[in-house]
Amino acid sequence: MKKRRLGGQGLEVSALGLGCMGMSEFYGAAEEGEAIATIRRALDLGVTFLDTADMYGPFKNERLVGKAIADRRDDVELATKFGNERRPDGSWVGINGRPEYVRAACDASLERLGVETIDLYYQHRVDANVPIEETVGAMAELVRAGKVRFLGLSEAAPNTIRRANAVHPITALQTEYSLWTRDVEDEILPTVRELGIGFVPYSPLGRGFLSAQVRSQDDLKEGDFRAHNPRFQPGNIERNLELVDSVAEIAAEKNVTPAQLALAWVLAQGDDIVPIPGTTQASHLEQNLVALEIDLSGVDLARIDEAFPRGATAGERYPDMSTVNR
């Protein structure tokens, strides 16, 4: 497995990670045994960078990941997140960046995961009511206590990133990035590169849409949150399918799948980028790994840009964008 370095503090991870969110929630029902088998297959193949969060489930996903890695902790670079506070029944409390919550959330995650240390601990969303300096200050205390090795942020704006990094070195920023979400190229990527921070794109396959397997809302399982996503709504989905189909033509010429080409495109954007595509099936995981072997030339990248122009995606990323720090 190829490795990539995130940030300048010494964290090295597999060049492709595994997003575990969909194994517990958001994309419809998933079978726990199959999910655990997928995680263990990932480790066998060298995909050791696992991503979860306390709010996935809620809480179920961390327990699932903990079960999967129980006898293989040394094989894993383990990332989890706090800040999107939910109750056990799944109801929403709000974004919480208060220092006392940071400490309590970390202890709870350690217990659910069954580990002594979290390799990369992210603030999942920025709390507009708590200065970032206070939140990151509490996160830094966790590093000094040995509970966390490296710190990260998710969906943070450039100024927030700078202020956070001034308190304690930030190792990675996790934000959505793919062919259909490229706004990070304006300010976010230049900022993290200036500061020596690694970049972890979530949803690098556009929530599965770039795989060209979702043709309408009828293709979504019951309980799939994409049914409420603006990009999957009538009027938007048709336009977005045109874009995906254009990329699929290029993929066919190269004898790869649209998903493999889309992942290869993300990987080609820099060696400081480590995408974390999610899947619940080992076969899809294995297919995603082919992207690491796809060499895209400058001509290829130009053709992809022409087929799927930046900013061409129809619809916002979320029904409510207010939780995204801008």
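Q: Buried means under 20% relative accessible area. In this predicted model, which residues of β5 are buried on one side and on the other?
A: Strand β5 spans residues 77–82, and six of its six residues are buried, so the rest of the structure largely encloses it. Both of its faces are covered. One side carries Glu77, Ala79 and Lys81; the other carries Leu78, Thr80 and Phe82.

Q: Which residue in β5 stands opposite phenylalanine 49?
A: Strand β4 (residues 49–51) pairs with β5 in the parallel sense, over three bridges. Between them the chain passes through helix α2 (residues 60–68), in a right-handed β-α-β crossover. The β5 residue opposite phenylalanine 49 is glutamate 77.

Q: Which residue in β8 stands opposite phenylalanine 82?
A: β5 also pairs with β8, again in the parallel sense, through four bridges. Opposite phenylalanine 82 in β8 is glutamine 123.

Q: In β9, which residue is the bridge partner of leucine 120?
A: Strand β8 (residues 118–123) is joined to β9 by five bridges in the parallel sense. With helix α4 (residues 132–144), the two strands form a right-handed β-α-β unit. The partner of leucine 120 is phenylalanine 150.

Q: In β10, which residue is the bridge partner of glycine 152?
A: β9 and strand β10 (residues 172–176) run parallel, joined by three bridges. Helix α5 (residues 158–167) completes a right-handed β-α-β unit with them. Glycine 152 has as its partner alanine 172.

Q: How many of the residues of strand β9 are buried?
A: Strand β9 covers residues 148–154 and is mostly covered. Its buried residues number six of seven.

Q: Is threonine 171 buried or exposed?
A: Threonine 171 sits in the loop between α5 and β10. Beyond its neighbours within four places in sequence, its contacts include Leu6, Gln9, Leu120, Phe150 and Ile197. Its relative accessible area is 0%, so threonine 171 is buried.

Q: How many disulfides does the count come to?
A: The cut-off for a disulfide is two cysteine sulfur atoms within 2.5 Å. The count gives none. For cysteine 20, the nearest cysteine sulfur is that of cysteine 106, 18 Å away, and cysteine 20 is in no disulfide. Cysteine 106 is in none either, and the count is zero.

Q: On the other side of α10, which residues are exposed?
A: In helix α10 (residues 298–307), the buried residues include Asp300, Ile304 and Ala307. They span an arc of only 65 degrees around the axis, so they lie on the same side of α10. Their cover includes α7 (237–253) and α8 (258–267). Exposed on the other side are Gly298, Val299 and Glu306.

Q: Which residues touch the most other members of the largest nonpolar core?
A: This core holds 85 residues. Its largest share, eight residues, comes from α8. Apart from it lies another core, of 16 residues, with Leu6, Ala172, Val274 and Ile276 among them. In the largest core, the residues touching the most other members are Leu18, Ile39, Ile69, Leu153 and Leu173.

Q: Leaving aside its neighbours within four places in sequence, with which residues is isoleucine 39 in contact?
A: Isoleucine 39 is one of the residues that touch the most other members of the largest nonpolar core. Cysteine 20, one of its contacts, is buried at 1% relative accessibility. The full set is Leu18, Cys20, Met23, Leu50, Leu64, Val65, Ala68 and Ile69.

Methods. Residues numbered from 1 in each chain as written. Predicted model: local features only at pLDDT ≥ 70, side-chain atom pairs only at ≥ 80, totals over all residues. Heavy atoms only, no water. Buried < 20%, exposed > 50% of the residue type's maximum accessible area, 1.4 Å probe, protein only. Arc of directions from axis to C-beta. Contact = heavy atoms within 4.5 Å. Pairing = 2+ DSSP bridges. Right-handed = clockwise from strand over helix to strand, strands pointing away. Core = buried A, V, L, I, M, F, W, Y, C linked by side-chain atoms within 4.5 Å.
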